[in-house]
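Open the model in a viewer and keep the selection tool at hand. The stops below run from the whole assembly down to single residues.

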There are 2 protein chains.
Amino acid sequence: SSGIINSVDEFNEAVSNAQPGDVITLANGVWENAELLFEGNGTEDNPITLTVEEKGKVTLEGNSNLRLAGSYLVVEGLVFKNGFTPTTEVISFKKDKNTLANHSRITECVIDRYNNPERHEPDTWVAVYGNNNRVDHNHLVGKGNRGVTMIVRLNTKESEKNNNRIDHNYFGHRPNLGSNGGETLRIGTSHYSLVNSMTVVESNYFDRCNGEHEIISNKSYNNVYRDNVFYECTGTLTMRHGNETLVEGNVFIGNNKPSTGGIRVINGQQTVRNNYGVGLKGYRFRGAFVVMNGVPNSPLNRYFQVEDAEIHNNTFIECDHIQLCAGSDAERSAVPINSSMTNNIFYNPDKNDVFTVYDDISGIDFKNNLLSPNISAISENGFTARELEFEVNKYGLKIPKKLEGNQGAVLSDKLATKENTGVSWYPKDDIEVELSSGKTIVVSPGLNTLFDAAKNSKPGDILELENGTYTQTKTLAVGHPLTIKSKNSQKPTILFEKKSLFEISNGGSLSLEDLIFDGAESPDRTGNSVITTSKYSMNKNYKLFIEDCEFTNLDVNHSYDAIRVYKNTFADTISIKNSKFKTISGNVIALDKETDDIGIYNSEYVIMKNNVFSHVGGAALRLHRGGKDESTFGPFLEMDHCVFDNVGNDKRNKYDASVSLYGVQVIDIKNNIFNASKGVGMHLVVGEPIVNILNNNFFNSASISVTGDEKYTIRNSWSLPPAFD
Amino acid sequence: SSGIINSVDEFNEAVSNAQPGDVITLANGVWENAELLFEGNGTEDNPITLTVEEKGKVTLEGNSNLRLAGSYLVVEGLVFKNGFTPTTEVISFKKDKNTLANHSRITECVIDRYNNPERHEPDTWVAVYGNNNRVDHNHLVGKGNRGVTMIVRLNTKESEKNNNRIDHNYFGHRPNLGSNGGETLRIGTSHYSLVNSMTVVESNYFDRCNGEHEIISNKSYNNVYRDNVFYECTGTLTMRHGNETLVEGNVFIGNNKPSTGGIRVINGQQTVRNNYGVGLKGYRFRGAFVVMNGVPNSPLNRYFQVEDAEIHNNTFIECDHIQLCAGSDAERSAVPINSSMTNNIFYNPDKNDVFTVYDDISGIDFKNNLLSPNISAISENGFTARELEFEVNKYGLKIPKKLEGNQGAVLSDKLATKENTGVSWYPKDDIEVELSSGKTIVVSPGLNTLFDAAKNSKPGDILELENGTYTQTKTLAVGHPLTIKSKNSQKPTILFEKKSLFEISNGGSLSLEDLIFDGAESPDRTGNSVITTSKYSMNKNYKLFIEDCEFTNLDVNHSYDAIRVYKNTFADTISIKNSKFKTISGNVIALDKETDDIGIYNSEYVIMKNNVFSHVGGAALRLHRGGKDESTFGPFLEMDHCVFDNVGNDKRNKYDASVSLYGVQVIDIKNNIFNASKGVGMHLVVGEPIVNILNNNFFNSASISVTGDEKYTIRNSWSLPPAFD
Ligand SMILES: [Ca+2]
Ligand SMILES: [Ca+2]
């Protein structure tokens, strides 16, 4: 039968009557809370098809999802948005654990920011079970909550040797989750990692898939990754578990963005050939190319030793980190063996120490690899240094001109592009609005004038405040990017009567310039703050910029913080520059609300430059990342030219420091002055953090205390009387 | 001018043009997000009036509020509901701190559960500033978030000697907040407690105002509390700060409910006369009548010594606790002086030890007081014991027949009643639906049949499950009272694939009977639970009853709890009886999410009787109340006839106990058996907890460890081999 379906009841009836060759067509419109079970058996020549009246005009919203069960089923043209799945999967190739779909296909479907509002509530967008299934030309963008975007599961026999094919999908921007569980594609789990999977992943486009440090997590045998493009993705294609993977012809374009990586090799019999990387800046497990150490007699969920790896004809241009024997430690002591690296190019005229060798590399046979002349070879034989000439190929990539030694990658005609992946009828443009990209609105002093202006603003708008005093009796909800600044050279003063002046809610970002925040009218209660995040989960990351501002009189009662964040919120960047914080009973900012200690934290980048903190009872900064997980990048801290004058001395300062850091991955603290203040406390664990503490003056103050077992550099700590004006 | 107003703009225009005698009338309908500023000056004979087209048909909803400023203003007939104030006050007698309202009146207004969704975000419903104002015949019911319901503020000179009058208001049910900040009426603050206030509070009806242990918190000089009725209110009328208070003619009806109290005396020159209490069961600071010790040279925010107190002609019938020198400790060492207790009646044939004397009472002169014969007098003179005869007065109160000694209270004709307070046009009925008060719905086994039945249920409904297996792929949101039980004698089995089976959301309560909860199909992740509260704030209290149930196979991964609660949620009761908990990797229940340690906790009553806990990695119970605040009642724990077999031994059990208690106020643990388990840990602090640990058997287990500085009783601890079948 055919005909247009208008309700879930009609759909169920059509499905139960469906014969091979039938086409079930969903009517245009919004399908709210539609849980579709598409169960049936077509034939190879006559599948049963679920399609839509017009592509792009049928959306499944609210708590909708789709399950497939049976064989020779085709689904095309569905769009999931404005909601999230009520179960743990949006599109599932199973009805229940015993009833899977085989020989079926999902094509030209869209899943767009279909996110559980709970950031750390896990779900999966596309879960592939069964065999001989194809997932192609789909558009998956903006997963904001925890859970792998697409997964191939191997829990039962029926899913082994599956010949599944994942191709020509557009994996759009996935923001940094700040936690494990942000992978874009995973095949298998550690538990089933010895299973022969035989899935082919080819010609997919990964566009800024930045959820965590595994873009792809391979966890089974005999999979193929071919002709995929990774555009500005942080992390790597990781052969986490399982042997005999073929990784060939993939392209990694870093554009010099931090934490962009390439390929990470673990386990036995891995082949990595003909891949190309450019401008990849990631370090350690996020390197352009990484070969890890294994664990002797590793349990399933740890690291198997690298053996029989064949790594040849790969090209890495202007990539910063090639990491060999990475992760070497007391547990991961099994070095790579019986492996070869042949005909590869490592070319980076701007960086001499591209290679880091963490352990014995005698188990890797190096042959005929080519280096830029500035790079020092890591073994006597197997490397040649020379200048290269480049040309730009049809994909816009910088490629060495043909070499007589046959080094480097030759790319395929089947390479993914933004155009040949996903669907033509759904835009791939960026959705996010930038701060200060909107119109400018002038605001006059008075009661709640700022509140009203903020409430009426549009995303990206700039509120320019005239000279004077602004009193707010209400909390300003910042639900979109908003900039507030002084119109003139004089700083306006903002007073407020609620517990918080600003609440950054989901989707919000805030930039403040040239303003004075005065807490004199705050309620006489504990726990006030000038800026707070939502108390609820935020599944969108936010940004906070503060420049040339003053925060003062935050002391009507104890525990008054300048900025307060909550659990299940995550900032891409918190930047505070050229600002003064004076007379504060609590902390300037404590980024320590992820207390489960499973590798989650509250902000990726924290930047504090040229600030003065004076008479602050609590800490100027607490930054916490607990747990042993190694899946994330940050947090990163840059602290430069700050003055701490009588900071941290209140009895309630539980950190016992002016700056208290726990598990921070990159620490750069230099040119700061501490007077009559608590010092810097650092607990250094996990992930080989990069720690540089340089040129700081601790006068009449505690200085630096370090715990944990990682390396660090402290140089030029002084104790000279500072001359404040 | 006159005429009906249809918008806030019209209102603003009418207000700006208003002349003495004008009446501004709001049109019938819902006023959404209406922030009304009613500013003007009427005259004594010709006030400006804000009224409504028809009483009960004008509601202010969303984020609405009202400010008054000027003089001789009258507001009548407004109803605030379905929302909460965007500022810190709903009705405020000020425009800003310099512009107050005087000679003004709020009458016949209603505020009904107009609560911020954030339980601990504070606000006030009626804030009285200025002088000669009257607040009368209002109906205020169901405040669920933190903050005093009505407050008289004395921040400026203009509010001193204010002659404000608060009368004939109906203060409806206020649920237990489980925290300080749940007062129903407060006059002054500690900071302004030496101010002469002169507010009269008379003929108000307080109906189960149970927010915290201060129903009224008097914090200034020279106020009068007269002819008010307190019906089943937990807590007391407390003279917290300020002298020269007159408390007379008030009636306290406890109906033998726990924690119901009467009057608490602190500070100098307090007069307490002619008050009547019956059936009051509260203990310590919640006693029927309490005289506290003070702090020598007390700071403003602590306890001034009681001196010159005149306590006469009060009647206490069937009240359990008269507390003298209450709170006596190292800090509160100043005993009452120069005080008298005369002509009072303390009559309770069922309790002999009605009086508790914590310190030296020689500073109180006892004269002509009357006791029931069973009660032992606390001083040689001043007490006479005799049997009394009673009659029922026109208010339905049990009153001693006229006595020749003139002891006891004589009540006024102006006493508040439920009828003569509040408004006639708004119902005073209870709103809450009870568990199991609805219809019965039979549910058959299958995929998501229980989910669907729960989703379609109405408040109070009972789902009866037929024999069989119920698999849920979705989490059941419990947003109203819901009962789920077995239809037959055999227990149905419930399996579930999401992180939690049940989520109790705001407004929900859950009763489970005769069911098996099997975690075998739970996702292989950490942190599952069978039952969870909302992760978000709940401003309504919930109840959870579990009877004759089994919880099993909760161990797919670590940290799987049977029940998990979140911060900013509060249970009136969690009761678990005749149930089995077997093979659980996490805790049965950890009520420890209020980590700010400011006297907040997660459940008032916890009852565990006749349960078996076996192979539980974490604790069977953690119950935490941190901080030094003394404003609340619980938590209360009753644990009887439970078996603990291999409980608490997982390395992740951070409590290092099977039962871990911190700051619990009443602990009753008896007749339990512990085998190969961690023991009972108790930290006893704050509030003179009542602790009885009797007849427990600890075999091959840790037993009881106690820290803290409070008294407790442990008797009959055994260590005998148990005979389990
Ligand atoms: Ca991962
Ligand atoms: Ca209180």
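Begin with both chains on screen: every interface residue of chain A, 100% of them, is also an interface residue in chain B, so the copies meet through the same surface. This is a predicted model, in which local features need pLDDT of at least 70 and side-chain atom pairs count only at pLDDT 80 or more, while totals for chains, interfaces and linings use all residues. Residues are numbered from 1 along each chain as its sequence is written, chains are lettered from A and ligands numbered from 1 in the order in which they are written, and side-chain values use heavy atoms, with hydrogens and water left out.

**Stop 1: the two copies**

Superpose chain A on chain B. A turn of 180° with a shift of 0.0 Å along the axis lays chain A on chain B with an RMSD of 0.1 Å (least squares on the C-alpha atoms of residues with pLDDT of at least 70 in both). That is the relation of a two-fold axis. To find the axis from chain A, select A:Tyr536, whose C-alpha is the nearest to the axis in that chain, at 3.3 Å.

**Stop 2: between the chains**

Now select the contact residues (heavy atoms within 4.5 Å): 24 come from chain A and 24 from chain B. Chain A and chain B bury about 2300 Å² between them, with 45% of it on carbon and sulfur atoms; buried area here is the accessible area (1.4 Å probe) that two parts lose on being put together, summed over both.

Six salt bridges cross the interface of chain A and chain B, each a side-chain nitrogen of Lys or Arg within 4 Å of a carboxyl oxygen of Asp or Glu. Show B:Glu121 and A:Lys535 for a salt bridge with an N to O distance of 3.5 Å. Ten residue pairs are in polar contact between chain A and chain B (both at pLDDT 80 or more). A polar contact is a pair of N or O atoms within 3.5 Å; within protein, one must be able to donate a hydrogen and the other to accept it, and residues adjacent in sequence count only if both atoms are side-chain atoms.

**Stop 3: inside chain A**

Colour chain A by domain: domain 1 (229–415), domain 2 (432–580) and domain 3 (587–725), with bounds from an automatic or database domain assignment. The centres of domain 2 and domain 3 of chain A, taken over C-alpha atoms, are 24 Å apart. Their contact takes 22 residues from domain 2 of chain A and 22 residues from domain 3 of chain A.

Which residues of domain 2 of chain A lose the most area to domain 3 of chain A? They are A:Lys567, A:Ile574 and A:Ile576, together 28% of what that side buries. A:Lys567 also forms a salt bridge with A:Glu594, the closest N and O atoms being 3.4 Å apart.

**Stop 4: the calcium ion**

Finish at ligand 2, a calcium ion whose protein donors are B:Asn180 (OD1), B:Glu183 (OE), B:Glu212 (OE), B:Glu212 (OE) and B:Glu214 (OE), 2.3 to 2.6 Å from the ion. Donors are N, O and S atoms within 2.8 Å of the metal (3.2 Å for Na, K and Ca); water is not among the atoms, so sites may look incomplete.
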